[in-house]
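Biologist: I would like to learn how to read a model with two chains, beginning with one chain's fold and ending with the contact between chains. Could you take me through it step by step?

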Amino acid sequence: MPSTEPAPAGAPIIELRRVSRQFVTPDGRSLLALRDFDLTVRRGQFVAIVGPTGCGKSTTLNLITGLARPTTGEVEVLGRPVDRIDPRVGFVFQSDALFPWRNVLDNVTAGPRFRGRTRSDAEAAARDWIERVGLAGFEHHYPHQLSGGMRKRCALAQTFINGPEVLLMDEPFSALDVQTRVVMQDELLRLWESTGASVVFVTHDIEEAIGLADRVYVLTARPATVKAVYDIDLPRPRVLSEIRYDERFVAISRVIWNDLRRDAIALA
Amino acid sequence: MTSSSQALDAGVAAKLPDDVEQAAARALRRYRGKVRFWRVAIIVVVLGAWEIAGRTGAIDPFFFAMPSSIAAKLRVWLTVGTPIGSIYAQVWVTLQESILGFVIGSVLGVIAGIVLGRNRTLSDVLTIYVRIANSVPRVVLGSIFVIAFGLGMASKVALAVVMVFFIVFANAFQGVREADRALISNARFLGASPLQVTTSVVIPSAMSWILASLHISFSFALVGAVVGEFLGSRQGIGLLIATAQGLFDAPGVFAAMIVLGAIALGADAVLTAAERRLLVWRPAATADRW
């Protein structure tokens with residue numbers, strides 16, 4: 001039974017049950033993006049969704065946010081069916097979604113200001129988060145004056161300042177160069193561990209998924225459905241730049257890659 | 001991006017030998033001198049040819065005037081006055097009409113653009129009428145306005161408003177439509193209400209479109225005001241032109257044209273300064289080249 005009580009630790013925060021999602025393309029044909037999709041995310045859990053490009057990973061996130069409705073099946077977030085954007089859900093975009101006409105400070109205060117907090121209150125919280133993501137001293141820079149990694153830091157502060165219980169991330173680091181990506185992955189884990197939010201992290205990078213997540217869902221090509229689920233028992237706190245040499249990490253990667261080989265070859 | 005690449009350039013430049021740097025600076029100075037020379041040369045040749053053609057009788061100075069007679073006319077206007085009174089009074093009247101028409105037309109255009117840009121159904125219903133209204137030559141409305149609002153300022157302002165409205169509206173509408181989907185979604189996740197999405201995302205992102213349209217639309221406001229004065233008025237540059245035309249005073253028409261041009265250039269400078277101030281957040285890709 002769905003309840004509006006705050007869920008206890010370990011309780012399901014996000015549940016997709018036998019969800020299918022059908023699109024009608026502009027030329028009138030229907031397209032099945034997701035088929036019989038099951039997904040459960042528990043409180044405080046970090047879940048990664050991996051799949052080939054264009055398979056319907058983003059559709060999954062849209063279903064969780066309420067931007068898309070399932071054609072069949074049920075989607076429950078924070079104990080109730082999704083019908084609109086929930087203020088307890090935060091979203092980090094693949095593209096640069098910072099407001100280019102606002103400086104770092106005003107970008108980070110955007111959320112609290114939209115939610116009706118006073119300017120001074122919002123700025124105090126924003127300065128704290130800017131410090132925590134390592135952007136102190138850049139409060140008055142505009143996004144175009146920042147590097148890609150710094151813009152991502154700003155985007156993280158902008159999202160984390162609202163204290164989301166559910167954090168959805170759509171390939172947030174895919175546009176970064178390799179070194180910056182690893183730094184940002186560590187940064188994300190550090191911030192996440194301090195908040196205890198439940199995370200759904202969509203990526204096409206299997207190593208990224210294994211390094212970050214407690215549980216990895218591997219999807220098939222379109223129409224996407226769950227091909228396999230892997231629990232990643234690597235100890236936390238993790239350091240991404242070192243974990244890739246860890247024996248367990250290598251072993252898990254090998255298992256997943258072997259399972260995926262047939263799909264990857266078929267797709268290539 | 002920009003600042004870091006500039007820093008890099010500076011670093012490279014610092015390591016170059018002095019003579020290379022000086023040679024580059026000399027080449028740049030030479031190039032700028034060349035541009036300036038040709039600019040002056042063109043205007044001297046055109047005005048000189050005009051003057052000579054008039055003096056030798058190749059063109060009839062009675063109909064086409066000459067730079068010297070236009071300059072003399074301007075001097076008289078500025079020092080003595082025009083047939084219809086002080087030149088400054090005429091400029092002031094036309095300027096007031098243009099500015100009022102420009103402000104009212106822009107505000108209405110921006111509001112209409114944002115409302116229609118944000119409301120799909122409304123825009124689908126009304127677009128056809130906007131297109132029809134836009135294709136009608138609006139200057140003709142000037143006659144209606146003179147009949148309805150009389151010879152005073154109101155009829156000129158109304159015509160200027162109509163001229164400005166459609167340009168600003170079209171740009172504001174487009175700007176709203178082009179607002180980045182990701183930015184709008186981001187604002188919604190951060191907790192913005194639909195009104196907050198409009199004020200803090202849609203309007204700022206439409207701003208560069210709107211500001212671009214304001215440049216052209218001040219010239220249109222000026223055209224509206226002058227044409228309105230032409231059609232019937234008691235003062236203004238348009239009346240000055242109409243009077244000069246009645247007196248077969250070709251230098252007077254050209255002199256009035258120069259006055260209008262000066263007003264338009266002045267307004268453009270003011271708008272450019274305002275735009276710079278409003279768009280500080282934009283990368284300096286459109287740095288000053290002129």
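Modeller: What follows is a reading of a predicted model, with chain B before the interface.

Biologist: Which secondary structure elements make up chain B, and in what order do they run?

Modeller: One counts the helices and strands and then follows them from the N terminus; here chain B comes to 12 helices and 0 strands, so that its elements run α-α-α-α-α-α-α-α-α-α-α-α.

Biologist: Into which domains is chain B divided?

Modeller: The assignment gives domain 1, covering 2-59, and domain 2, covering 71-286, and the centres of these two domains of chain B, taken over C-alpha atoms, are separated by 34 Å.

Biologist: What radius of gyration does chain B have, set against a compact globule of 290 residues?

Modeller: For a compact globule of that length one would look for a value near 19 Å, whereas chain B has 25 Å. Along the principal axes, the C-alpha atoms of chain B fill a box of roughly 70 × 70 × 30 Å, and 34% of the 290 residues in chain B are buried.

Biologist: How many residues of each chain take part in the contact between chain A and chain B?

Modeller: The size of an interface is often given as the accessible area lost when the parts come together. Counted by residues instead, 20 of chain A are in contact with 15 of chain B. On the chain A side, strand S6 (89-92) and helix H2 (104-114) each supply at least two residues, and by class that side has 12 nonpolar, 7 polar and 1 charged residues.

How values were computed. Residues are numbered from 1 along each chain as its sequence is written. Chains are lettered from A and ligands numbered from 1 in the order in which they are written. This is a predicted model: local features need pLDDT of at least 70, side-chain atom pairs count only at pLDDT 80 or more; totals for chains, interfaces and linings use all residues. Two residues are in contact if their C-beta atoms, placed from the backbone, lie within 7 Å. Helices (H or I, at least four residues) and strands (E, at least two) are DSSP runs, numbered from the N terminus. Ala, Val, Leu, Ile, Met, Phe, Trp, Tyr, Cys and Pro count as nonpolar, Asp, Glu, Lys and Arg as charged, and the others, Gly among them, as polar. Domain bounds come from an automatic or database domain assignment. The radius of gyration is taken over C-alpha atoms; the globule rule is 2.2 Å times the number of residues to the power 0.38. A residue is buried if 20 or more other C-beta atoms lie within 10 Å of its own, exposed if 12 or fewer, and partly exposed in between; C-beta atoms are placed from the backbone.
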